[in-house]
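These are my notebook entries on a structure that is new to me. I set down what I looked up, topic by topic.

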Amino acid sequence: MRVHFHGAAGEVTGSMHLVEAAGRRILLDCGMIQGGREMEARNFEPFPFDPASIDALVVSHAHIDHVGRIPRLVWQGFRGPIYIQDAGADLLPVMLLDAASLAENDAERENRRRRPGEPEAMPLFTRKDVEDVLERVRPLRYGARTTIAPGVEIAFRDAGHILGSSIVELWAEGRKLVFSGDLGPQGTPILRDPELVRNADLVLMESTYGDRNHRDRLDTIHEFGDLLEQAWNARGKVLIPAFAVGRSQELLYWFARYWDEWQISRWRIFLDSPMAAKVVAVYDRHRTLFDEEAREVWKRRPNPFTLPNLHLTDSTEASMAINRIENGAIVIAGSGMANGGRILHHFRHNIERRATHVVFVGYQAEGTLGRRLVDGAATVRIHGEEYRVNARIHTIGGLSAHTDQSGLLAWYGHFEGNPPVVLVHGEDRAREPLARELRRRGAGEVTLARPGTAVEV
């Protein structure tokens, strides 16, 4: 068995790894590269392999940095099945159709500004391309060991990251590969904790936060409650760039959980993301995957997804109307890294107001607007115009959907025999401290994946 690394190998986005075993070629994830314009331009580059040569695609979960290049893979010749956990299969069309719509709109906008002689802008993929992808999807339940090609079997285990997120077990040639996908922290609201795997001949492990430990989640929640109180007293508005899958649902959960303590009923809450609203419906259909505490919360009132002061805005007109509200509103909108989506329109109208509170609740990749704001930018460019940042910028790090260094070490520590581990899905500043700690604790050979490199198992 040989594993080639083609994405998320020294960075966080663009997950893509190619497994050659039993005479077959299996692709693990096919994610979009996210960040600044130069980084995202790499999504248009040819794949470093022939897509038609891939026998099957195995997807760890439906986040766009793990699925966002699948339409191009199919468009360029991939004709095999796509395996994903069944809740993830329900999320996949929501994610890809939204990304296609954004890509088409961006291309149309660029073409309106195109100067004579400049090439026509093309979307990364279209909604028709997504339809071609969905015909190939084969949903699997957690724990179902399945033959996906002659001599190759897989099973999915719950990764606790988002609904339907999976740890991938892959067997071939008498060897076993375990791909962590993205691992959630212990005690993540709504979701069950990541499952433990005991045996592997090689582990591919994410390392997003391999250099740090998160704050205690309860301390983080108290900080969030205090922040909301500050914003209310300042007669301000709270803007939260949030990923449509996972983070938006968790925020609604906390609003319901602390309904009385935070006096949430006094706020108007806007989930200004048609995609997030669709994702809420998917979560509601898969309550059997919730943890015990979440099932108890859902039995009580208010239901997190039907809060009496929650407004799900679908139309552009409804979204624009939110900007006429100057205070007493909490706006959750995509994209989570503020590199597109409706949150940009809310920034344009509010980021120069001192009473505005912008709250980042997830990872901000290099080159994104979110990262620039978190790093303290005094001015930012949005839709071609400069804006002074007078709003208060907050980072609530303890809500991460990725586990931290302690969680990664603990998860790896349950493998018998200290198998070799390759660190993926992390920048070097996060991977190197994790690698040192793994070696100190007696792990097998620890490798930092690089694009174009390979390992044998």
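**Entry 1: a pair within one helix**

How many residues apart are Arg109 and Asp106 in helix H4? I note at the outset that the model is predicted. I find the two residues three apart, which amounts to a separation of about one helical turn. A salt bridge joins Arg109 to Asp106, and their closest N and O atoms are 2.9 Å apart. I then looked up the accessibility of each partner. Arg109 is partly exposed, at a relative accessible area of 29%, and Asp106 also counts as partly exposed, at 35%.

**Entry 2: a pair between two helices**

I next looked up Asp90, which forms a salt bridge with Arg285. The closest N and O atoms of this pair are 3.8 Å apart. Asp90 belongs to helix H4 (residues 86–112) and Arg285 to helix H8 (residues 274–285), so this salt bridge ties together parts that lie 195 residues apart in sequence. Is Arg285 buried or exposed? I record Arg285 as exposed, with 54% relative accessibility. Asp90, with a relative accessible area of 28%, is partly exposed.

**Entry 3: a further pair, a network and the total**

I also looked up Arg381, which forms a salt bridge with Glu386, with 3.3 Å between the closest N and O atoms. Both ends of this pair were checked for exposure. Arg381 counts as partly exposed at 48% relative accessibility, and Glu386 is partly exposed at 45%. Elsewhere I find Arg157, Glu169 and Lys176 joined into one network by salt bridges that share partners. With a cut-off of 4 Å between a side-chain nitrogen of Lys or Arg and a carboxyl oxygen of Asp or Glu, I record a count of 30 salt bridges. As a general remark, side chains of opposite charge can pair when their charged atoms come close.

**Entry 4: cavities**

How many cavities of 30 Å³ or more does a search of the whole structure find? I note two. The largest cavity has a volume of about 80 Å³. Its lining consists of His161, Thr188, Pro189, Ile190, Leu191, Gly246, Arg247, Glu250, Tyr283 and Ala401. I sorted the lining residues of the largest cavity by type and obtained five nonpolar, three polar and two charged.

The second largest cavity has a volume of about 40 Å³. I list Thr208, Asp211, Arg212, Tyr363, Glu427, Arg429 and Ala430 as the residues that line the second largest cavity. By type, this lining divides into two nonpolar, one polar and four charged residues.

**Entry 5: backbone details**

Which residues does a cis peptide bond join? I find Gly334 and Ser335, with omega at about 5 degrees. Ser335 is placed in the loop between strand E15 (329–333) and helix H11 (343–350).

I then looked up positive phi values outside glycine. Arg235, which is not a glycine, has a positive phi of about 55 degrees. I locate Arg235 in the loop between helix H6 (217–233) and strand E12 (238–241). Arg235 is exposed, with a relative accessible area of 55%.

Gln263 likewise has a positive phi, near 50 degrees. The loop that holds Gln263 runs between helix H7 (247–257) and strand E13 (268–271). I enter Gln263 as partly exposed, with a relative accessible area of 42%.

Note on methods
Residues are numbered from 1 along each chain as its sequence is written. This is a predicted model: local features need pLDDT of at least 70, side-chain atom pairs count only at pLDDT 80 or more; totals for chains, interfaces and linings use all residues. Side-chain values use heavy atoms; hydrogens and water are left out. Helices (H or I, at least four residues) and strands (E, at least two) are DSSP runs, numbered from the N terminus. Buried means under 20% relative accessible area, exposed over 50%, partly exposed in between (1.4 Å probe, protein chains only). On a 1 Å grid over the protein atoms alone, a cavity is a set of points where a 1.4 Å probe fits but cannot get out, and a pocket is an open set with protein on both sides within 12 Å along at least five of seven lines; lining residues have an atom within 4 Å of a point. Grid points are joined across faces, edges and corners, and a volume is the space filled by probe spheres set on the points. Ala, Val, Leu, Ile, Met, Phe, Trp, Tyr, Cys and Pro count as nonpolar, Asp, Glu, Lys and Arg as charged, and the others, Gly among them, as polar.
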